[in-house]
2 protein chains.
Amino acid sequence: MGIAERRERQKAELRERILAAAKHIVVTEGLPELTMRKIADAIEYSPATIYLHFQNRDEIALQLVRDGFAALIGYMAPAAAIPDPLARVRAIAKAYIAFGVREPETYRLIFLDTYAWALWESTDEAKEPENGAFSFLAGTFQEAIDAGSIHGMTADRAAELLWASLHGIVSLKLSCAKYPFDDIALPGEQMCDLVLAGLMHRHAIA
Amino acid sequence: MGIAERRERQKAELRERILAAAKHIVVTEGLPELTMRKIADAIEYSPATIYLHFQNRDEIALQLVRDGFAALIGYMAPAAAIPDPLARVRAIAKAYIAFGVREPETYRLIFLDTYAWALWESTDEAKEPENGAFSFLAGTFQEAIDAGSIHGMTADRAAELLWASLHGIVSLKLSCAKYPFDDIALPGEQMCDLVLAGLMHRHAIA
DNA sequence: CACTTTTACTGAACAACGTTCATTTGTCAA
DNA sequence: TTGACAAATGAACGTTGTTCAGTAAAAGTG
């Protein structure tokens, strides 16, 4: 029964070619330029053929979002090897910023554009490997709290605030043409230090 | 020559009706649902008529962005009466968050959607009253620095970091359906305190 | 090999979009 | 009443995502 297998293989191949073409368009021209006819041209098939592999444009975009989030995880994963929690938090933050800088269109796709966070709405938390990114950061904060380095806030809340602040920097960089920094690595680290410093001296305020 | 004036008045009126209809659509259904035909239906004119008042859809959207930013300034303005710089910074941050909460679609329009920051790219800084918002915050930080409350960072940089962090919170709230906070007022104030605490104890890190 | 069934694929079409333009309608001056 | 000018529009064009009847090729069957 090698025939059925070959067909499945070819089908899977074409599906991957569609995704590759779509990703190329998104990365080079942005999500709004992702049109079914452009994909069709790129893979040298009729537009209708795409609908034999994906239900609609949304499904293609959502798969790209999934892949994009996996890429972000890839940036952050090496930080897991760092023993010191605070140093690990800094490494995660650095990786997050680096991802935004080196793959701006991917960052846009998963966090700013039409399908931003779309995965989180539909699926169950437990079933989302994507959520590993947040748990990773929150878990590291928990270690810092357990070690007594940080206090006055839950690990989840601290992770949310740091994530939000970094997200703010990257989005401003990507959206605002007049954002003053050529390189957001420095303000990114400053922000991380600022938040950590605040968490360590939180008794100073209220 | 009352006739010419009446005509101008009617023309201006229709222009305002177009903008009002457009704003209503954006606020209730979001920017993607803003179509020329919907506006035409709302004002009971043909779609072509809109082009006698605006060059294209972009120009309408950009005017809404301008108006939206003016609304944000309106939220922040009362803080100017607060004498203490740090308290003023907190009031500005609070107002910023409040704007994001109470006018989410307007916030989306001016900071997240297609025309986000579009005004900043085209026009000159000096000619932008919109930039008053940032100068307001940066000037307040400068006062805090002059008073010795904050050190180790320029006022502009501090303003950028605080703004970015607040923007991060609001955008996560608006974009991510699973964002854990029903009310972002608390995390917004926490973020502000965190950044300020960090700025006041910056010597603790590097 | 011939015939049938299944699969892969596509051209043409639909509705909705932004936009344009020739044409019509309405209003004022002479 | 007529001529000029402004205001308004119906119909069209080229996009977009999407659907579907129909074709052509491949696989299964006698």
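Read along the sequence, chain A of this predicted model runs α-α-α-α-α-α-α-α-α-α. In numbers, that is 10 helices and 0 strands. The C-alpha atoms of chain A fit a box of roughly 65 × 45 × 25 Å along the principal axes. Of its 206 residues, 35% count as buried. Take the contacts in chain A between residues at least 6 apart in sequence, and 64% of them turn out to join residues at least 24 apart.

**Two helix pairs**

Let's look at one helix pair from each chain. In chain A, helix α5 (residues 85-102) packs on helix α9 (residues 155-175) at an angle of about 20 degrees, and the axes are 10 Å apart. Angles under 35 degrees count as roughly parallel, so that is the label for α5(A) and α9(A). Their crossing is right-handed. On the α5(A) side the contact uses A:Ala93, A:Tyr96, A:Ile97 and A:Gly100, and these meet A:Leu162, A:Leu166, A:Val170, A:Lys173 and A:Leu174 from α9(A). Sorted by class, the contact of α5(A) with α9(A) has 7 nonpolar residues, 1 polar and 1 charged.

Over in chain B, the pair to look at is helix α5 (residues 85-102) with helix α8 (residues 132-146). Their axes come within 8 Å and cross at roughly 155 degrees. An angle over 145 degrees counts as roughly antiparallel, and α5(B) and α8(B) are therefore given that description. Here α5(B) passes α8(B) in a left-handed crossing. B:Pro85, B:Leu86, B:Arg88, B:Val89 and B:Ile92 are the α5(B) residues involved, and they meet B:Phe136, B:Leu137, B:Thr140, B:Phe141, B:Glu143 and B:Ala144 of α8(B). The class split for this contact is 8 nonpolar, 1 polar and 2 charged residues.

**Where the chains meet**

How many residues of chain B are in contact with chain A? There are 35, and they touch 36 residues of chain A. On the chain B side, α7 (118-122), α9 (155-175) and α10 (185-200) each supply at least two residues. The most comes from α10(B), with 11 residues. The chain B side as a whole divides into 22 nonpolar, 8 polar and 5 charged residues.

**Around the DNA**

Both protein chains contribute to the surroundings of each DNA strand. For strand C, 18 residues lie around it, and A:Ala48, B:Thr35, B:Ala48, B:Asn56 and B:Arg57 come nearest. Chain A gives two or more residues from each of α1 (2-29) and α3 (47-50), while chain B does so from α2 (36-43), α3 (47-50) and α4 (57-76). The largest share of that surface, 3 residues, is from α1(A).

Strand D is surrounded by 17 residues, with A:Thr35, A:Asn56, A:Arg57, B:Ser46 and B:Ala48 the closest. This time α2 (36-43), α3 and α4 (57-76) belong to chain A, and α1 (2-29) and α3 to chain B; each of these supplies at least two residues.

Here is how the two DNA-facing surfaces split by class:

| Surface | Nonpolar | Polar | Charged |
|---|---|---|---|
| near DNA strand C | 9 residues | 4 residues | 5 residues |
| near DNA strand D | 8 residues | 4 residues | 5 residues |

**Two residues in chain B**

B:Pro47 sits in helix α3 of chain B. Is B:Pro47 buried or partly exposed? It has 13 other C-beta atoms within 10 Å, so it is partly exposed; being buried would take 20 or more. Setting aside neighbours within four places in sequence, B:Pro47 is in contact with B:Met36, B:Arg37 and B:Ala40. B:Met36 is 11 residues away along the chain, and its C-alpha atom is 6.0 Å from that of B:Pro47.

B:Val170 is found in helix α9 of chain B. With 23 other C-beta atoms within 10 Å, B:Val170 is buried. Not counting residues up to four places away in sequence, B:Val170 touches B:Ile97, B:Gly100, B:Tyr107 and B:Ile184. As for B:Phe99, 71 residues separate it from B:Val170 in sequence, and the C-alpha atoms of the two are 9.4 Å apart in space.

Technical notes
Residues numbered from 1 in each chain as written. Chains lettered and ligands numbered in written order. Predicted model: local features only at pLDDT ≥ 70, side-chain atom pairs only at ≥ 80, totals over all residues. Axes fitted to C-alpha atoms, helices over the stretch in contact; angles between N-to-C directions. Helix = DSSP H or I, 4+ residues; strand = E, 2+ residues; numbered from the N terminus. Parallel < 35°, antiparallel > 145°, perpendicular 65-115°, else oblique. Left-handed = near helix turned anticlockwise from the far one by under 90°. Contact = placed C-beta atoms within 7 Å. Nonpolar A, V, L, I, M, F, W, Y, C, P; charged D, E, K, R; others polar. Near = placed C-beta within 6 Å. Buried ≥ 20, exposed ≤ 12 C-beta atoms within 10 Å, placed from the backbone.
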